[in-house]
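Biologist: Could we go through this model together, taking the strands and the charged side chains in turn?

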Amino acid sequence: MVKKVNLGEPFSYDCPPHEYSYGVVYNWGNVDGNAQHTFTRNERRSISSNGTLFIMYLTQDDIDEIERYKGITCTISGANFFRRSGTLRLEKIDKDQQGN
């Protein structure tokens, strides 16, 4: 899935539909061969209690990091199950838009 975005704007993306379960952990990132990449939380990025990824305002660094990982997925893991979403990539609407 490629989402068209503008730098400087807020962004959110939902984990795949799922039922609530106690002790579930949500992570965004990707696996490339034997390497596990985590799209880390910071002062602009968070993950809600249902796994939705929130970015307060997008930067070119966000887009570049996601591309380095060849896209990111939402991983839902619990005691008895494991589920991964499709791969999310971001692309600027205006390719000439500059910014970090």
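The exchange below concerns a predicted model.

Biologist: Which strand is joined to β1 by four bridges?

Modeller: Strand β1 covers residues 2-5, and its four bridges lead to a strand that runs parallel to it. Within this pairing, Lys4 stands opposite Glu91. Glu91 belongs to the partner strand, so the strand asked for is the one that holds Glu91, 87 residues apart from Lys4, namely β9.

Biologist: Which residues make up the uncovered face of strand β9?

Modeller: Strand β9 spans residues 89-92 and has two faces, of which the covered one is formed by Leu90 and Lys92. On the other face, Glu91 has a relative accessible area of 26% and Arg89 one of 29%, and both values fall between the 20% and 50% limits that bound the partly exposed class. The uncovered face is therefore made up of Arg89 and Glu91.

Biologist: What is the N to O distance in the salt bridge between Glu91 and Lys4?

Modeller: The structure holds five salt bridges, and one of them is formed by the side chains of Glu91 and Lys4. That pair links distant parts of the chain, with Glu91 in strand β9 and Lys4 in strand β1. The N to O distance is 2.3 Å.

Biologist: Which residue forms a salt bridge with Arg89?

Modeller: The closest N and O atoms of this salt bridge are 2.9 Å apart. Because Arg89 lies in strand β9 and its partner in helix α1, the pair ties together parts that are 22 residues apart in sequence. The partner counts as partly exposed at 37% relative accessibility, and it is Glu67.

Biologist: Are Glu65 and Arg45 buried or exposed?

Modeller: The side chains of Glu65 and Arg45 meet in a salt bridge at 2.8 Å, N to O. The pair links helix α1, where Glu65 lies, to strand β5 (residues 45-47), where Arg45 lies, across 20 residues. Having under 20% relative accessible area is what the term requires, and both residues are classed as buried.

Biologist: Which residue has a phi near 60°?

Modeller: The residue is not a glycine, yet its phi is positive. It is found in the loop between α1 (60-68) and β7 (73-77). With a relative accessible area of 47%, it is partly exposed, and its name is Lys70.

Conventions: Residues numbered from 1 in each chain as written. Predicted model: local features only at pLDDT ≥ 70, side-chain atom pairs only at ≥ 80, totals over all residues. Heavy atoms only, no water. Buried < 20%, exposed > 50% of the residue type's maximum accessible area, 1.4 Å probe, protein only. Pairing = 2+ DSSP bridges. Salt bridge = Lys/Arg side-chain N within 4 Å of Asp/Glu carboxyl O.
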